[in-house]
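Student: I would like to understand how the words used for a structure follow from its values. Could we go through some of them slowly?

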Protein chains: 2
Amino acid sequence: MKPTIYDVASKANVSIATVSKVLNSSGRISDETRKRVLKVIEQLNYQPSMMATALTGKSTFTIGLLIPDMANPFFAELTRNIEDRGHELGYNLLICSTDYHPDKEQNYIELLKRKSVDGIILASGFEKTSEVDKLVKEKFPVTIVARDFPSTYVNSVSLDDFQGGYEATSYLIQLGHRQIAVLARNVWSNRERMRGYEKALEDHGLEKYDVFTFVEKSTVEWGKKVATEYLRCGKPLTAIFACNDLLASGAIQAARSRDLHVPNDISIIGFDNTVIATLVDPQLTTMAQPIRAMGREVMDLMVGEIKKEEQSKRRIVLSPTLVKRGSTAELNK
Amino acid sequence: MKPTIYDVASKANVSIATVSKVLNSSGRISDETRKRVLKVIEQLNYQPSMMATALTGKSTFTIGLLIPDMANPFFAELTRNIEDRGHELGYNLLICSTDYHPDKEQNYIELLKRKSVDGIILASGFEKTSEVDKLVKEKFPVTIVARDFPSTYVNSVSLDDFQGGYEATSYLIQLGHRQIAVLARNVWSNRERMRGYEKALEDHGLEKYDVFTFVEKSTVEWGKKVATEYLRCGKPLTAIFACNDLLASGAIQAARSRDLHVPNDISIIGFDNTVIATLVDPQLTTMAQPIRAMGREVMDLMVGEIKKEEQSKRRIVLSPTLVKRGSTAELNK
DNA sequence: TCAGTTAAGTAAAGCGCTTTACCAAATGTC
DNA sequence: GACATTTGGTAAAGCGCTTTACTTAACTGA
């Protein structure tokens, strides 16, 4: 079976303590013995069991990441950047996909802890904060990403979603739009973006568009479905603010199937600036998230927290940027 | 710190053995004691350490998944389906993204093993088979997905990539196309699809399009870049067979930037039938992979292998289906 | 009534590692 | 040459769990 430290020790004619020292380059070992041990390790293709190692209290250089939805390119790209930075820092990433299910969240957090990860990164998605509170209370290293978490006791890096919603909407208003609907999912970030949207309307003395449903999933299909409902209900509508690119793409399809031209008949603005934004026709005007920066920052924060126990927490809030493309245009009167 | 079995035992006035028995519902325990122990477990929010449990040789109900690229919707969707099926069967999924790096592959395989997963699912991507061989030799449960692995000693579920390439190309030929270029990445599945492509040409007495470069990454950008080169080189070209939807989308963009109309001036066919296929304009004609079935089958195979040790291995090969959409049309003479 | 069961629980070994003593031999010091 | 150090290494405890004996105490039945 798998070789253990005993196999190595006996084959190298030393004690397991010696092997362990060679492994961790701790203690004093003569050059000769070290080489002999290393050779045996090589020969047996020995890999110390993390189970056993972790059991003794050493860190595992593994970080868990909980994401709500692999299929959303935003999270895929975020994950990718987190992984990359982790790799640079010598940490491995264990990814768990929760599909926005609170019980899966809890389940996977337990799993990761029981697998002795050094820390857990929680990406957006979760609604209940109780899981986070629990981790914090246990002094388990957690970092939040893509979700503001106004609290002094946990590290986080997030986007200013409110500002994003505000800017996106303001841009549409500035283009002359007055009837602006919104496409959102009932999750924290989207609600923030909607707050921004409402504030923008208010600041310009406009009324909120009063036909509204939350989509159930952040998919193209749902975007199309709900946008179609909006368009069908008869209420005039010249622009749609979609809370992510997937939904925006759905909205484009909806418009098209109603023979509306984007952007001439209707403007559509997205959010995230994922790969999708440049795929659709017309390409999406969208609020870009600094995905790469977010990924790197959150991993840095996480590793920082793991390394030096008692450090003060930081809450990093990044700003979105408007990327103008073809899906929005001035309202033609 | 984290409560251990000892904390539970002493607080419940029993031995740790008793607690363990309650935990695993093994052995004989009076109802009274069981309840008392369970209550304490609840109170302390005790979760047995998987490290310690695994160390004693019990299975962890965790399966590792290695995927090459989260950002490719095909893998994202596949992962999603694997996870879902695992969840149904009571297994957790630990995902690792290798970014097509052989050393990350090896690294993560080691990691997963050291984290005591019960088995590992390897998705496509990997070029070297040595890692697989190693796992097999160690009798470590492995299953391959999205990659045919002609071997009698490992479970796999894959697509008939050759047939896919053959059918896609045949369809183009049937539409009247004679000059067909191919967009592919130098990975196993793509090479198989190309074999199919070549065979189809041959069967119809056509010559292979002899301008060819592999793309370096399966991204829209690379698809666009290489397709642009094809279009610029002057060799007549009426259709492109792209080995995945990402590349096909890039090809559409390339065509558009050269003012070629898709499909009137040039037909483009993709592969995978991911969400992207319906996003782009025109929507992609593409060879659909039964992603959902693949995900479920591979998880079933994996769990089967984990449960009963010495079972014979199965190699499941699924068929692709042609999905006709707007990106292909009859060649207009 | 007493040997034979059964029921309920415990002690202790073992899983593979790290780490803290501790020890013997070699080396240094005056 | 006697003592203090340094070097290179080991024994053993402990990490948190499972599991295999083993021990009581209570329950059978003829």
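Tutor: Let us begin with two terms: a helix here is a DSSP run of H or I with at least four residues, numbered from the N terminus, and a residue is near a strand of DNA if one of its heavy atoms lies within 4 Å of it. Keep in mind that this is a predicted model. With those terms, α2(A) gives the largest share of the surface near DNA strand C, namely four residues.

Student: What makes A:Y6 and DNA strand C a polar contact?

Tutor: The cut-off for a pair of N or O atoms is within 3.5 Å, and a polar side-chain atom of A:Y6 lies 3.5 Å from a base nitrogen of DNA strand C, so the pair meets the definition. For B:T18, an N or O atom of the side chain is 2.4 Å from a phosphate oxygen of DNA strand C, and therefore this pair counts too.

Student: Why are β1(A) and β2(A) said to pair?

Tutor: Pairing requires at least two bridges found by DSSP, and these strands, residues 62–67 and 92–97 of chain A, have six bridges in the parallel sense, so they pair. One of the bridge partners is A:S97 in β2(A), which is matched with A:I67.

Student: How do you know that β2(A) is mostly covered?

Tutor: Buried means under 20% relative accessible area, and six of the six residues of β2(A) are buried, so the strand is called mostly covered. On one side the buried residues are A:N92, A:L94 and A:C96, and on the other A:L93, A:I95 and A:S97.

Technical notes: Residues are numbered from 1 along each chain as its sequence is written. Chains are lettered from A and ligands numbered from 1 in the order in which they are written. This is a predicted model: local features need pLDDT of at least 70, side-chain atom pairs count only at pLDDT 80 or more; totals for chains, interfaces and linings use all residues. Side-chain values use heavy atoms; hydrogens and water are left out. Buried means under 20% relative accessible area, exposed over 50%, partly exposed in between (1.4 Å probe, protein chains only). A polar contact is a pair of N or O atoms within 3.5 Å; within protein, one must be able to donate a hydrogen and the other to accept it, and residues adjacent in sequence count only if both atoms are side-chain atoms.
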